[in-house]
Amino acid sequence: MNIFQDYKRNKKNIKGQIILILFRISHIPYNNKFLFIIWVPYLIAYRVFVEWILGIEIPYKTEIGKGLVVFHGHALVVNDGTVIGENCVLRHCTTIGNKQLPDGSYSTCPRIGNNVDVGANVCIIGPISIGNNVTIGAGSTVVKDVPANCVVVGNPARIIKYLNVDSL
């Protein structure tokens, strides 16, 4: 695992670089119980610094592909069951997570494809899939599946444009 895999895409964003390097380090022991026990002090420090001081919640269990960009790192909340693809962009005041079902249980978390650009103040909630090459406009609330190669906006989010796949 390369802890600097997001570094180049965040080259003008020092806060994003720091957050993602710390996240990648915290993710190292995820599948190894022995390393996890050794890593516990780091995981505590990670939570205190990244969540409490910087105001970003990206749990070490979250699966995130390489090349993530975190712009204006503030008030970003990602549930640990979320899966995020490669080369995605997340902006401030964004929430990605599950929802409470009528029976009191919780749904699964969203699965986000590759090359997804998430605008500021977006909520992506529930057991949904977002396809590759999607742009989600600022202030949108996404509660249904989004196909690949489109732009969605609004509350609830709706498709306003399909992208030309050849130009991507």
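Helix 1 is a good place to begin in this predicted model. Its 14 residues, at 1.5 Å each, should span 20 Å, and the C-alpha atoms at its two ends are indeed 20 Å apart, so expectation and model agree. The helix covers residues 14-27, and most of it is hidden, with 10 of its 14 residues buried. Among the buried ones are Gly16, Leu20, Phe23, Arg24 and Ser26. What do these buried residues pack against? Their neighbours are helix 2, strand 1 (56-57), strand 2 (63-64) and strand 3.

Let us look at Ser26, which sits in helix 1. Its relative accessibility is 0%, so Ser26 counts as buried. A polar atom of the Ser26 side chain lies 2.7 Å from the backbone oxygen of Phe23. An α-helix has 3.6 residues a turn, so residues three or four places apart point the same way. Leaving aside residues up to four places away in sequence, Ser26 touches Trp39, Tyr42, Leu43, Tyr46 and Tyr60.

Another buried residue of helix 1 leads us to the salt bridges, of which the structure holds three. Arg24 pairs with Asp6, and their closest N and O atoms are 2.7 Å apart. This pair links distant parts of the chain, since Arg24 belongs to helix 1 while Asp6 lies in the segment before helix 1, 18 residues apart. Are the two partners buried or exposed? Arg24 is buried, with a relative accessible area of 1%, and Asp6 is buried as well, at 2%.

A second salt bridge joins Glu51 to Arg47, with 3.3 Å between the closest N and O atoms. Here both residues lie in helix 2, four residues apart, which is about one turn of the helix. Glu51 has a relative accessibility of 15% and counts as buried. In another salt bridge, the side chains of Asp117 and Arg91 meet at 2.3 Å, N to O. Asp117 is in strand 9 and Arg91 in the loop between strand 6 and strand 7, so the pair ties together parts that are 26 residues apart in sequence. Both residues are partly exposed: Asp117 has a relative accessible area of 25%, and Arg91 has a relative accessibility of 23%.

Strands 6 and 9 also take us to an open sheet of six strands, arranged in the order 3-6-9-12-14-15 with mixed pairing. Strand 3 (69-70) and strand 15 (158-162) stand at its edges; each has a single partner strand, so one side of each is left without a neighbour in the sheet. Strand 3 runs parallel to strand 6 (residues 89-90), and two bridges join them. Within this pairing, Val70 has Leu90 as its bridge partner in strand 6.

Now turn to the nonpolar interior. The largest nonpolar core has 31 residues, and Ile58, Ile124, Ile130 and Ile136 touch the most other members. Helix 1, helix 2, strand 4 and strand 14 each supply at least two residues of this core, with helix 1 giving the largest share, four residues. Ile124 has contacts that include Thr95, Ile96, Pro110, Val118, Ile130 and Ile136.

Finally, visit Val77 in strand 4 (residues 76-78). Val77 is partly exposed, with a relative accessible area of 29%. Not counting residues up to four places away in sequence, Val77 touches Glu57, Thr94, Thr95 and Ile96. How far apart in space are Val77 and Ile44? They are 17 Å apart, C-alpha to C-alpha, and 33 residues apart in sequence.

Technical notes
Residues are numbered from 1 along each chain as its sequence is written. This is a predicted model: local features need pLDDT of at least 70, side-chain atom pairs count only at pLDDT 80 or more; totals for chains, interfaces and linings use all residues. Side-chain values use heavy atoms; hydrogens and water are left out. Buried means under 20% relative accessible area, exposed over 50%, partly exposed in between (1.4 Å probe, protein chains only). Contact means heavy atoms within 4.5 Å. Two strands pair if DSSP finds at least two bridges between them. A nonpolar core is a set of buried Ala, Val, Leu, Ile, Met, Phe, Trp, Tyr and Cys residues joined through side-chain atoms within 4.5 Å. The expected span of a helix is 1.5 Å times one less than its number of residues. A polar contact is a pair of N or O atoms within 3.5 Å; within protein, one must be able to donate a hydrogen and the other to accept it, and residues adjacent in sequence count only if both atoms are side-chain atoms. A salt bridge is a side-chain nitrogen of Lys or Arg within 4 Å of a carboxyl oxygen of Asp or Glu.
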